[in-house]
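Colleague: Got a minute to go through this model with me? I'd like to start with the outside and then get to the charged pairs.

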Amino acid sequence: MVAPLVKRIWIWCRNLLIFLFVSSILAVVVYKFVPVYYTSLMFIRMYEQHQDGKKMKLDHTWVPISKIAQPLVQAVIASEDNLFMEHNGFDVEQIQKARAEAEKGKRVRGASTISQQTAKNVFLWPGKSYLRKGIEVYFTFLIEWIWGKERIMEIYLNSIEMGEGIYGAEAVAEAHFGKHAYQLTKSEAALIAATLPNPRKFNSAKPSPYMLKRQAKIISLMGKLIKVEMGYGAGQVDPGTGKVKKRKKWRASVIMTWDESLMPMR
C-alpha cells in the first residue's frame, strides 16, 4: 500500500518539475520577442499596497530601447553593473567581496548584476532565501543564454522599479520630469539611477542631498565609460527631432576606475 503511494507521489513530483522546467524556458523564449507589460514584482507591490490600505498604483508603459535616452543606459551601467557587457550574468568578484564583508559582520551590500535584477523582477519575488536565490541563478543563466545583453537591458529599463508604483523609464520620465524617456538628459538619467538601490525611499522628482551626491558620482563614472553608440539595430530616437537614427551595435563598456562608495546597499 505504501509503495504505490510513494510511486504516485514520485511521478507527480517528477511531472511537476518537468512542467516547471519546460514552462520556464517557454516563458523566457516568449519574452525574447514579446514586450513585458507586467511582472511578478508589479503584482506583489500592488498586493502590498492593498494590505497597507493604500491606493493601488501601477504606472508602466513599455517602450522599445530605441525610445530610451542613451544616457540612461550608461547611467545604470555606471551605477549598478559596470561589467554588464563583459560578465555572463554574475560579477564573481563583487559577490566574493560582499560575502567576505558579511562574514566580518559589516553591512551587506548589493552584488546583483543587471541580469540578476532583471531575472528577479520579471520572474520571481523579493527576498533573500536560498530557494529564491537558487531560482534567480537559474533564470539569470536562461536570459543570458536566450535573450542576450541587448534584450536584457531593454527589459530591465522597462521593468525596474523607479518609484512608488512606477516601473520603467517611460513611466518615471513622464511622472517625474514631464517628458518621454528618449528626451531624458544626462543629469536626469543619473538622478534616476541614483534612486535604484531603494526607489520607494528615494524620489528622483524630489532629490535629497544624499541623492544629489550620488548623482554627481554617477555622472563622473559615466564620463569614464568608453563612449560607444549602444545600438540594437533599430536605432534610437533623436531627442530633438523625435526621429529614429541608426546606431552601431553594442560594444563592451569599460570603466577605467570604480568608486566602491557607489555600491548599493540592498
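Modeller: Sure. Start at Leu17, which lies in helix H1, residues 2-33. Keep in mind that this is a predicted model.

Colleague: Is Leu17 buried or exposed?

Modeller: Leu17 is exposed, because its relative accessible area is 58% and the cut-off for exposed is over 50%.

Colleague: Which residues make the nonpolar surface patch there?

Modeller: Trp12, Leu16, Leu17, Phe19 and Leu20 make the patch, and its area is about 560 Å².

Colleague: And the chain overall? What share of the residues counts as buried?

Modeller: The protein chain has 266 residues, and 46% of them count as buried. Its accessible surface comes to about 13800 Å², with 62% of that belonging to carbon and sulfur atoms.

Colleague: How many helices and strands are there?

Modeller: The protein chain has 10 helices and five strands. As for contacts between residues at least 6 apart in sequence, 70% of them join residues at least 24 apart.

Colleague: Let's take a helix pair. At what angle do H6 and H7 pack?

Modeller: About 120 degrees, with the axes 6 Å apart. Helix H6 covers residues 130-146 and helix H7 covers residues 148-159.

Colleague: Which residues meet there?

Modeller: From H6 there are Ile143, Glu144 and Ile146, and they meet Gly148, Lys149 and Ile152 in H7. By type, the residues of that contact are three nonpolar, one polar and two charged.

Colleague: Now the charged pairs. How many salt bridges does the structure hold?

Modeller: Nine. One of them is within H6: Glu136 forms a salt bridge with Lys133, and the closest N and O atoms are 3.6 Å apart. Glu136 and Lys133 are three residues apart in that helix, about one turn.

Colleague: How does Glu136 count, buried or exposed?

Modeller: Glu136 counts as buried because its relative accessibility is 2%, and buried means under 20%. Its partner Lys133 counts as partly exposed at 31%.

Colleague: Which side chain does Arg200 meet at 3.5 Å, N to O?

Modeller: That of Glu48, in a salt bridge. The pair links distant parts of the chain, 152 residues apart: Arg200 is in the loop between helix H9 (186-195) and helix H10 (209-222), and Glu48 is in helix H2 (residues 40-51).

Colleague: What are the relative accessible areas of Arg200 and Glu48?

Modeller: For Arg200 the value is 39%, so Arg200 is partly exposed. Glu48 has 27% and is partly exposed as well.

Colleague: What about Glu161, which side chain does it meet in a salt bridge?

Modeller: Glu161 meets the side chain of Arg200, at 3.9 Å, N to O. This pair also links distant parts of the chain, with Glu161 in strand S2 (residues 161-163) and Arg200 in the loop between H9 and H10, 39 residues apart. Glu161 is buried, with a relative accessible area of 8%.

Colleague: So which residues are joined into one network by salt bridges that share partners?

Modeller: Arg45, Glu48, Glu161 and Arg200. Arg200 is a shared partner there, with a salt bridge to Glu48 and one to Glu161.

Definitions and conventions
Residues numbered from 1 in each chain as written. Predicted model: local features only at pLDDT ≥ 70, side-chain atom pairs only at ≥ 80, totals over all residues. Heavy atoms only, no water. Patch = residues over 30% accessible without salt bridge, like charges linked within 9 Å, V, L, I, M, F, W, Y side chains within 5 Å. Areas by Shrake-Rupley, 256 points an atom, 1.4 Å probe, with all protein chains shown as cover. Salt bridge = Lys/Arg side-chain N within 4 Å of Asp/Glu carboxyl O. Helix = DSSP H or I, 4+ residues; strand = E, 2+ residues; numbered from the N terminus. Buried < 20%, exposed > 50% of the residue type's maximum accessible area, 1.4 Å probe, protein only. Axes fitted to C-alpha atoms, helices over the stretch in contact; angles between N-to-C directions. Contact = heavy atoms within 4.5 Å. Nonpolar A, V, L, I, M, F, W, Y, C, P; charged D, E, K, R; others polar.
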